[in-house]
Amino acid sequence: MNARTMKRYAGIALAVIAMTMPVAMPVAAIGAQGLDRTKQPVAGKSPTLRVPSWTKVKLANGADLIVVEKHDLPLVAVNIDFVGGTTTFEPKDKLGTGSFTAAMLSEGTKTKTADQLSDAQQMLGTAIAVQVGGESGTIRFTSLKEKVEPALALV
């Protein structure tokens, strides 16, 4: 065994020892903080609930567009929710069709292969997720503000 390998094994051994050693606070440090387990701590101030306002618009196709703005980060989160899922639209003799279809949406289209879809999502810094449940379904992604148009086009 060469010196480099021995150093590597020694480093691993020290890391394992450090992870398995119990972490204990010295009794003197506890006394210095004034920790008294016989008294219930005083509750802090209740947090203020801040519910964001939203705008709801009926689109020409009958869909509702709900926009909630929060300008702290340059991100746009898009959720496309639809009413009706596997219990509504799935034939009784073809159970699992809805979930299978949702899973296959990332496996390619007429114009893009699965690898091209994956690469495009990576280049945009997003991940498109599709879920179909019994009563509803969702397509969602989060994107940087300047990349939201190409991400929507990919959806």
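A salt bridge is counted here where a side-chain nitrogen of Lys or Arg lies within 4 Å of a carboxyl oxygen of Asp or Glu, and the views below are all taken from a predicted model.

**View 1. The salt bridge between K39 and D36.** The closest N and O atoms of K39 and D36 are 4.0 Å apart, and the pair is part of a set of four salt bridges that a search of the whole structure finds. K39 is exposed, with a relative accessible area of 60%, whereas D36 is partly exposed, at 33%.

**View 2. Salt bridges around D64 and K70.** D64 forms a salt bridge with K56, for which the closest N and O atoms are 4.0 Å apart. Of these two partners, K56 is exposed, with a relative accessible area of 55%, while D64 is partly exposed, with a value of 42%. Through salt bridges that share partners, K56, K58 and D64 are joined into one network. In the bridge between D72 and K70 the closest N and O atoms are 2.7 Å apart, and both of these residues are exposed.

**View 3. The hairpin formed by β4 and β5.** Strand β4 (residues 129-132) and strand β5 (residues 136-144) run antiparallel and are joined by four bridges. Three residues lie between the two strands of this hairpin, and within the pairing V130 of β4 stands opposite I139 in β5.

**View 4. The largest pocket, with about 960 Å³ of space.** Its lining consists of 21 residues, of which I66, V67, V68, A77 and V78 lie nearest the centre of the pocket. The elements that give two or more residues to this lining are β2 (64-68) and β3 (75-83), and β3 gives the most, with seven residues. Sorted by class, the lining of the largest pocket has 13 nonpolar, two polar and six charged residues.

**View 5. The second largest pocket, with a volume of about 250 Å³.** This pocket is lined by 13 residues, and the closest to its centre are L105, S106, I128, V130 and V155; V130 is also the residue that stands opposite I139 in the hairpin view. Helices α4 (97-104) and α5 (114-124) are the elements that give two or more residues to the lining of the second largest pocket. The lining residues divide into nine nonpolar and four polar, with no charged residue among them, whereas the lining of the largest pocket includes six charged residues.

Methods
Residues are numbered from 1 along each chain as its sequence is written. This is a predicted model: local features need pLDDT of at least 70, side-chain atom pairs count only at pLDDT 80 or more; totals for chains, interfaces and linings use all residues. Side-chain values use heavy atoms; hydrogens and water are left out. Buried means under 20% relative accessible area, exposed over 50%, partly exposed in between (1.4 Å probe, protein chains only). Two strands pair if DSSP finds at least two bridges between them. On a 1 Å grid over the protein atoms alone, a cavity is a set of points where a 1.4 Å probe fits but cannot get out, and a pocket is an open set with protein on both sides within 12 Å along at least five of seven lines; lining residues have an atom within 4 Å of a point. Grid points are joined across faces, edges and corners, and a volume is the space filled by probe spheres set on the points. Ala, Val, Leu, Ile, Met, Phe, Trp, Tyr, Cys and Pro count as nonpolar, Asp, Glu, Lys and Arg as charged, and the others, Gly among them, as polar.
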